[in-house]
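Hi everyone, thanks for making time. Have a look at the model on the screen, and I'll talk you through its cores and its aromatic rings.

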Amino acid sequence: MSRKKTQTSNRDRGLQLREIEPMTNAQNLLFNAFYEGYHVISMGTAGTGKSFLSIYLGLEAVFDPHSPYKKVLICRSCVPSRDIGFLPGTEEEKISVYKRPYQSIVQELFKRDDAWEILEKKGVVQFCSTSFLRGTTIDNTIIFVDEIQNLAYNEIHNVVTRIGKDSALVLAGDFGQMDLDTEESGVKDFFEIAKRTKGFNIVTFQEKDIVRNDFIKDYIIAKNQYDKEKRERTIYNGHRVERESFNNIVVAGKKYALEATPIN
């Protein structure tokens, strides 16, 4: 799908979609990959606009009378820590907690508080838990899967294999915001498979792409630097290992001499 001036308003819905332009190189790569017809994976730090732009691109495509897309389906796990059962209320009330960020995005894109309700009633936007997709085929839809770092591998596989005729897949995630244990999350295995799949285009968002605000950018840069320094420390048996000199190290306050190992 090449980029062109699309119809971003609809009299029946009474809505006017804002026109959004990419602000960083990574955002521009996201736009281009989507317009070129790839299934897009956006991975990177918070505050870079991955979810916002993915939903914008989906709605822009749906509002284009020349595109085959009829709706934007927003999917994510509604059990990021596998504990949705502890939330009060009905199933719909539980799921609505996870729907709110996307309602806010749609409201911002149309500058109307009732934008989500209007589009949802028209079947233009829909929110769904990844748990409810098994066995379905999804046609004529932009499928946006968010927070993929919190999906088990079988959940990601289930979503990807739901793609039907004239549908496009957009996924977003952040390795740094993983709620699951590394062994539980399937994103790294999926990432390696996606690299081997011609239809995917992977866009990486970095610190320099943060656009939310300057404070968030400074905070994330500081956090990433701290995490990097922490990883670089040598850990031995749960204790920090400090090299006192070339031949000695200190572990939990005790000094040990390092013996040279001959190289054959």
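**Cores and rings**

Okay, so the largest nonpolar core here has 43 residues, and Ile-55, Leu-59, Leu-109, Phe-110 and Leu-119 have the most contacts inside it. By nonpolar core I mean buried Ala, Val, Leu, Ile, Met, Phe, Trp, Tyr and Cys residues joined through side-chain atoms within 4.5 Å; buried is under 20% relative accessible area, exposed over 50%, partly exposed in between, with a 1.4 Å probe and protein chains only. Before I go on: this is a predicted model, where local features need pLDDT of at least 70, side-chain atom pairs need 80 or more, and totals for chains, interfaces and linings use all residues. Numbering starts from 1 along each chain as its sequence is written, and side-chain values use heavy atoms, without hydrogens or water.

Which helix gives this core its largest share? That's α2, residues 50-63, with eight residues. (Helices are DSSP runs of H or I, at least four residues; strands are E, at least two; both are numbered from the N terminus.) There's also a second, separate core of 20 residues, including Ile-148 and Val-187.

Now the rings: the whole structure has eight aromatic pairs. Phe, Tyr and Trp rings (six-membered ring for Trp) pair with centres within 6.5 Å; planes under 30 degrees apart are stacked, over 60 edge-to-face, the rest tilted. Phe-34 and Tyr-35 sit at 6.1 Å and 70 degrees, so they're edge-to-face. Both are buried, and they form one aromatic cluster with Phe-31 and Tyr-56.

Phe-190 and Phe-200 are at 5.7 Å and 90 degrees, so that pair is edge-to-face.
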